[in-house]
Amino acid sequence: MTRLIKALSHLPFPVLYALAAVLRVLAFNVAGYRRKVIERNLGIMFPDATAAEKKKIKRDFQRYFAEAAVETLKGFTMSEEEIRERVHVENPECLQPYIEREQSMLILTLHQSNIEWLVGSICMALPCPVAGVYKPLHNPHVDAFIKAGRARFGKPVAMKSTGREILRLRKSFRAILLAADQSPISREKRFWHPFFSQQAPFYYGPQAIAEATQAVVVFVHPRRLSRGRYSIRWEILAEPPHSAGGTEILERFIQACERSIREQPTTWWMSNKKWKTPKDWERQALEDASDNRATGTGR
C-alpha cells in the first residue's frame, strides 16, 4: 500500500486530477460513500436551503474532497518551495508580535480544504518547533507513511502523548497544532455546544492545552482559492492568562469553525459524523445548562 501511495505521488497534477474524477464517481456515485451522513449534515447546517442548493453544495463537496485526496498524495513528494507557492498566508503580520517575544502558541484549525498541505504551510510559517497532534490510523503501515510525510515539517504527536509533549517543551518557544473539529468517541469526555442548528460534541483538548501551556490561542481559517491553490488566515482567539476550568476558548473555537465553514461550506469534510446523539447523562447535563442560562443562574 505504501509503495502504491508513493508511486502515485510522483504523477503529474493533470493525471492526478483525472484520477480524482474517477475516484469521485466510484466513491460517491457507485459506492454511495456516506451519502446519508452528508445529506443529514446538510439538513442541519442549512435547514432553509432549497433542495437544489443542497444538491449543488453536495456535488461541489464531492469534487473538492476527491481532488484534495489526490493533492494529499502529491504532497508527500512536494518540496517546501512548491507548498509555499501553492498555499498563501494572508496576514503574516498577525503573529509577528508573538514571534518577536518568542511566545508559545496553540494553533487550532478544522478539517477543511487540503489539511495536509495546510499543516505543512503552518509549520513552515512559524520559526519555532511545531508539534502536530494527530489520531493514529488503524493501518500501521499507512499510518507510518503519513507520519513520515508530516515529520518533514513538524513533529507528529499522537493524541495520547500530548501531555508528555507539553511537559517536555513547557519552558521553550514552540507551537502545538491541533485540528479539533471532529467528534470524540462516546467513551471520551465530550463538550456539547450549539453548532449550526443543533448541539454537537467536541474534544476538550483546545481548552485543556491552552490552560496547561498558557499559550496564545490562534485559529487558522483555510480557503480553497482554485484547484491546487489555497490560503490561510490567522485569527487570535485568546491571549494568556487562561483561567482554569473554563470553556471560553472552546466556545470561541467552535464559533470560529462555524464562521469558517459558512464562508466556504463545500470544502469542509461534511462526510464526518459530526452530530451525534447524547448519552442519557449528557442529555440531562445539556437540559440543566439550558435551564441555567434561561434563568440566569449559570454561566
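How far is the sulfur of Cys257 from the closest cysteine sulfur? The gap is 17 Å, to Cys94, which is too far for a bond. Welcome to this structure, which is a predicted model. The points below walk through its sheet, a hairpin, its cysteines, its salt bridges and a patch on its surface.

**The open sheet**

- Seven strands make up an open sheet with mixed pairing, in the order β1-β9-β8-β2-β5-β3-β4.
- At the edges are β1 (87-89) and β4 (155-158), each of which pairs on one side only.
- On average, neighbouring strands of this sheet are turned by 30° against each other, direction ignored.
- Within the sheet's order, β5 is followed by β3; strand β3 (residues 130-134) and strand β5 (residues 175-179) pair in the parallel sense, over three bridges.
- If you would like to find this pairing by residue, look for Val130, whose bridge partner in β5 is Ala175.

**A hairpin to look for**

- Strand β6 (residues 191-195) pairs with strand β7 (residues 198-202) in the antiparallel sense, over five bridges.
- Opposite Pro194 you will find Gln199 in β7.
- Two residues lie between the strands of this hairpin, and Phe196 takes a positive phi near 60° there.

**The cysteines**

- How many disulfides does the model have? The count comes to zero.
- A disulfide needs two cysteine sulfur atoms within 2.5 Å, so Cys123 does not qualify: its sulfur is 9.2 Å from the closest one, in Cys128.
- Cys123 is buried, with a relative accessible area of 8%.
- Cys257, from the opening question, is buried too, at 0% relative accessibility.

**Salt bridges**

- The whole structure holds 13 salt bridges, including the ones described here.
- Glu67 forms a salt bridge with Arg227, and their closest N and O atoms are 2.7 Å apart.
- This pair links distant parts of the chain, 160 residues apart: Glu67 belongs to helix α4 (residues 51-75), while Arg227 sits in the loop between β8 (216-226) and β9 (229-238).
- Is each partner buried or partly exposed? Glu67 counts as buried at 3% relative accessibility, whereas Arg227 counts as partly exposed at 44%.
- Arg233 and Glu263 also meet through their side chains in a salt bridge, at 3.8 Å from N to O.
- Here strand β9, which holds Arg233, is linked to helix α11 (residues 248-263), which holds Glu263; the two residues are 30 apart in the chain.
- Both partners are partly exposed, Arg233 with a relative accessible area of 24% and Glu263 with one of 47%.
- Another salt bridge joins the side chains of Asp280 and Arg283, at 3.1 Å from N to O.
- Both of these residues lie in helix α12 (residues 280-295), three residues apart, or about one turn of the helix.
- Asp280 is exposed, with a relative accessible area of 63%, while Arg283 counts as partly exposed at 33%.
- Arg35, Glu39 and Lys58 are joined into one network by salt bridges that share partners.

**A nonpolar patch on the surface**

- Which residues form a nonpolar patch on the surface? They are Val22, Val25, Leu26 and Val30, and together they have about 330 Å² of accessible area.
- Leu26 has its place in helix α2 (residues 13-30).
- The relative accessible area of Leu26 is 47%, making this residue partly exposed.

Key
Residues numbered from 1 in each chain as written. Predicted model: local features only at pLDDT ≥ 70, side-chain atom pairs only at ≥ 80, totals over all residues. Heavy atoms only, no water. Pairing = 2+ DSSP bridges. Helix = DSSP H or I, 4+ residues; strand = E, 2+ residues; numbered from the N terminus. Buried < 20%, exposed > 50% of the residue type's maximum accessible area, 1.4 Å probe, protein only. Patch = residues over 30% accessible without salt bridge, like charges linked within 9 Å, V, L, I, M, F, W, Y side chains within 5 Å. Areas by Shrake-Rupley, 256 points an atom, 1.4 Å probe, with all protein chains shown as cover. Salt bridge = Lys/Arg side-chain N within 4 Å of Asp/Glu carboxyl O. Axes fitted to C-alpha atoms, helices over the stretch in contact; angles between N-to-C directions.
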